Amino acid sequence: MLGDEDRSRLRRLVEVVAGHDLRRVVEKVAGEADPEVLASLASRCVFDHAATLVFPDRVEDVVDILGRWGFEVSGPVPSVVVRERLVRRHGLDEEDSDVSILKAWTTRTTGGSPGLEVFVLPRAREDDAVARAERRSRHEDHFALRVTRPADGGLDRVRSLLVDGLSLVPDGGGHNPYEGAATGGRSVLYFTAPGGRLELTHDGSLADGA
């Protein structure tokens, strides 16, 4: 079962993805941006997804509802980075923190346009303290840009555009070998700003994009 609050969060996520592109994402998170910074980002990145964290009874509950809404949903893969963040924030037992990642796109544009990223932490009770705290704080809600030209100035160039050009603040990151395993896993870097959180992601390890 997926509770009403989490169902509403997913509906909102669908609306957000449909209404944003790279420019709107940057302006949402960082405010008005220098056109040259935007152009440089657009030449190296695309808007990849918007993300949230939900707490159903089962991972399958989320897969089922997204399927009914017309989305193609990838098979769940274990989360590494978000799982570690939740463990640190709430002092959870790692064995009680089985976080999965679901990726979803509309069936007409699978993989070719921005999609949804849903972190799923099944909890036995809807009023679970961790679920309540995370729904309130929305720590894991974010927009994500995917690096499409890592060799053109490397990940460092994109990171510099975000920090120096947009005044975003680095907020950790990591590498998940389970996601996109065929291409060396997936690396992420997080940034914060008054307007929200931004994730920078690319295939392979962080060293591969440097």
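**Burial, packing and backbone features of the predicted chain**

Of the 210 residues of the protein chain, 47% count as buried. The model is a predicted one, and its secondary structure amounts to seven helices and nine strands. The radius of gyration of the protein chain is 17 Å, which agrees with the value near 17 Å that a compact globule of 210 residues would have. Along the principal axes, the C-alpha atoms fill a box of roughly 50 × 35 × 35 Å. Among the contacts with a sequence separation of 6 or more, 69% join residues that are 24 or more positions apart. The protein chain exposes about 10,100 Å², of which 48% is supplied by carbon and sulfur atoms. Its 28 positive and 36 negative charges have mean positions 3 Å apart.

Two helices were examined through their buried residues. In helix 2, which spans residues 22-30, the buried residues include Leu-22, Val-25, Val-26 and Val-29. These residues lie on the same side of helix 2, because they cover an arc of only 95 degrees around its axis. In an α-helix there are 3.6 residues a turn, so residues three or four places apart point the same way. The cover over the buried residues of helix 2 includes helix 3 (35-42) and strand 1 (45-54). Strand 6 (142-147), strand 8 (186-193) and strand 9 (196-203) are also included in that cover. Helix 2 is followed by Gly-31, which has a positive phi, near 85 degrees.

In helix 5 (residues 81-90), the buried residues are Val-81, Val-82, Arg-85, Leu-86 and Val-87. The elements that cover them include strand 1, strand 5, helix 6, strand 7, strand 8 and strand 9. Strand 1, strand 8 and strand 9 thus appear in the cover of helix 2 and in that of helix 5. After helix 5 comes Gly-91, with a positive phi near 65 degrees.

Helix 1 contributes two buried residues to the analysis, Asp-6 and Val-17. Asp-6 lies in helix 1 and has a relative accessibility of 1%, so it counts as buried. When residues up to four places away in sequence are not counted, Asp-6 touches Val-54, Phe-55, Pro-56 and Arg-135. Asp-6 and Arg-135 are 129 residues apart in sequence, yet their C-alpha atoms are 8.5 Å apart in space. Val-17 is likewise found in helix 1, which covers residues 4-18, and is buried with a relative accessible area of 11%. Its contacts, with neighbours within four places in sequence left aside, are Phe-47, Ala-50, Pro-114, Gly-115 and Leu-116. By contrast, Pro-56, which is touched by Asp-6, is 22 Å from Val-17, C-alpha to C-alpha, at a sequence separation of 39 residues.

Ile-65 belongs to helix 4 (residues 59-68). This residue is buried, with a relative accessible area of 1%. Leaving aside neighbours within four places in sequence, Ile-65 is in contact with Leu-2, Arg-7 and Leu-10. The C-alpha atoms of Ile-65 and Ala-129 are 24 Å apart in space, and the two residues are 64 positions apart in sequence.

Arg-123 is placed in the loop between strand 5 (115-120) and helix 6 (129-137). At a relative accessibility of 10%, Arg-123 counts as buried, because the limit for burial is under 20%. Not counting residues up to four places away in sequence, Arg-123 touches Phe-55, Pro-56, Asp-57, Leu-92, Asp-96, Asp-128 and Val-130. Phe-55 and Pro-56 are also among the residues touched by Asp-6. Between Arg-123 and Asp-98, the C-alpha distance is 9.9 Å and the sequence separation is 25 residues.

Most residues other than glycine have a negative phi. Positive values in residues other than glycine are found at Arg-138, where phi is near 55 degrees, and at Ser-167, where phi is near 60 degrees. Arg-138 is located in the loop between helix 6 and strand 6. Ser-167 occupies the loop between helix 7 (154-165) and strand 7 (169-176). With a relative accessible area of 56%, Ser-167 is exposed.

Definitions and conventions. Residues numbered from 1 in each chain as written. Predicted model: local features only at pLDDT ≥ 70, side-chain atom pairs only at ≥ 80, totals over all residues. Heavy atoms only, no water. Buried < 20%, exposed > 50% of the residue type's maximum accessible area, 1.4 Å probe, protein only. Helix = DSSP H or I, 4+ residues; strand = E, 2+ residues; numbered from the N terminus. Arc of directions from axis to C-beta. Contact = heavy atoms within 4.5 Å. Rg over C-alpha atoms; globule rule 2.2 N^0.38 Å. Areas by Shrake-Rupley, 256 points an atom, 1.4 Å probe, with all protein chains shown as cover. Lys, Arg positive; Asp, Glu negative; His and termini not counted. Charge placed at Lys NZ, Arg CZ, Asp CG, Glu CD.
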